[in-house]
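This report covers the packing, strand pairing and backbone angles of one chain.

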Amino acid sequence: MIGICTKCGNHQWDKEVKGDEIHCPKCGNSWKFIRLPLFILTGCSGIGKTTTAMEIIRRKAEFTVLDGDMFYNIMPHETEEDYYDQVEQIGSLSKNLMQTGLPVLWTMAGNLDKLSKTYNSRFFREIYCLALVCEEELLRARMRDGRGITDEGWIQSSVDPGIWHGKWKPPFEQTAEQQKCPTFKEVSFCDTSLIPP
């Protein structure tokens, strides 16, 4: 909604954003909008994303908190283009929700490398990613005992590369394109050893 020109009705994804103004290239109209940071809470399966998000909601923090899996569950997810489409929809929904004056926080495990490459990234002041991490044995215990996961393949896929417990960098290392994007910020890591499973 916020990206539709009220003067000419242009609904194309072709708007320019400067500060807190959106500019329509078709008719020259500009309008103000609320430009807030976008927050992403990330980490592997079983690390505590949902638990942390629920605690943020319980504490009545001034955020709109959503789960990125909602798009995974209702949209195709076979190709890279499918994943770009999901991330694009996260941005599209977020920019509109932010017009209430609250920033949006999403839980999402992957596709962080796509965040700054989408059309909708221009509508955020910044994009912050917080990666939840823990030691391998704690992660295994969280998945087995906390979530009741018995599928060893699933557990191993979270543990294998060591990506989510403090040893992994890509895709968090910024590409040349991301370095040019003023909205993409470094990822912060948070040890989840104190979060109950």
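In which loop does K60 have its place? The model is a predicted one, and in it K60 belongs to the loop between α1 (49–58) and β5 (64–67). K60 is exposed, at a relative accessible area of 71%. Its phi is positive although the residue is not glycine, and N111 is another non-glycine residue with a positive phi. Most residues other than glycine have a negative phi.

| Residue | Phi | Loop |
|---|---|---|
| K60 | near 55° | between α1 and β5 |
| N111 | near 65° | between β6 and β7 |

Strand β6 is paired with two strands. It runs parallel to β4 over 4 bridges, and L38 has V104 as its bridge partner there. With β5 the pairing is also parallel, over 4 bridges, and T64 stands opposite V104.

Both faces of β6 are covered. V104 and W106 lie on one side, L105 and T107 on the other, and all four are buried. In a regular strand the side chains alternate between the two faces of the sheet.

The largest nonpolar core has 16 residues, and L38, I40, W106, M108 and L115 have the most contacts inside it. Two or more residues each come from β4 (38–42), α3 (80–97), β6 (104–107) and β7 (127–133). Apart from this core lies another, of 13 residues, including L41, I47, A53 and L132.

Beyond its neighbours within four places in sequence, L38 is in contact with S94, M98, V104, W106, F124, E126, I127 and Y128. V104 is thus listed both as a contact of L38 and as its bridge partner in β6.

Notes:
Residues are numbered from 1 along each chain as its sequence is written. This is a predicted model: local features need pLDDT of at least 70, side-chain atom pairs count only at pLDDT 80 or more; totals for chains, interfaces and linings use all residues. Side-chain values use heavy atoms; hydrogens and water are left out. A nonpolar core is a set of buried Ala, Val, Leu, Ile, Met, Phe, Trp, Tyr and Cys residues joined through side-chain atoms within 4.5 Å. Buried means under 20% relative accessible area, exposed over 50%, partly exposed in between (1.4 Å probe, protein chains only). Contact means heavy atoms within 4.5 Å. Two strands pair if DSSP finds at least two bridges between them.
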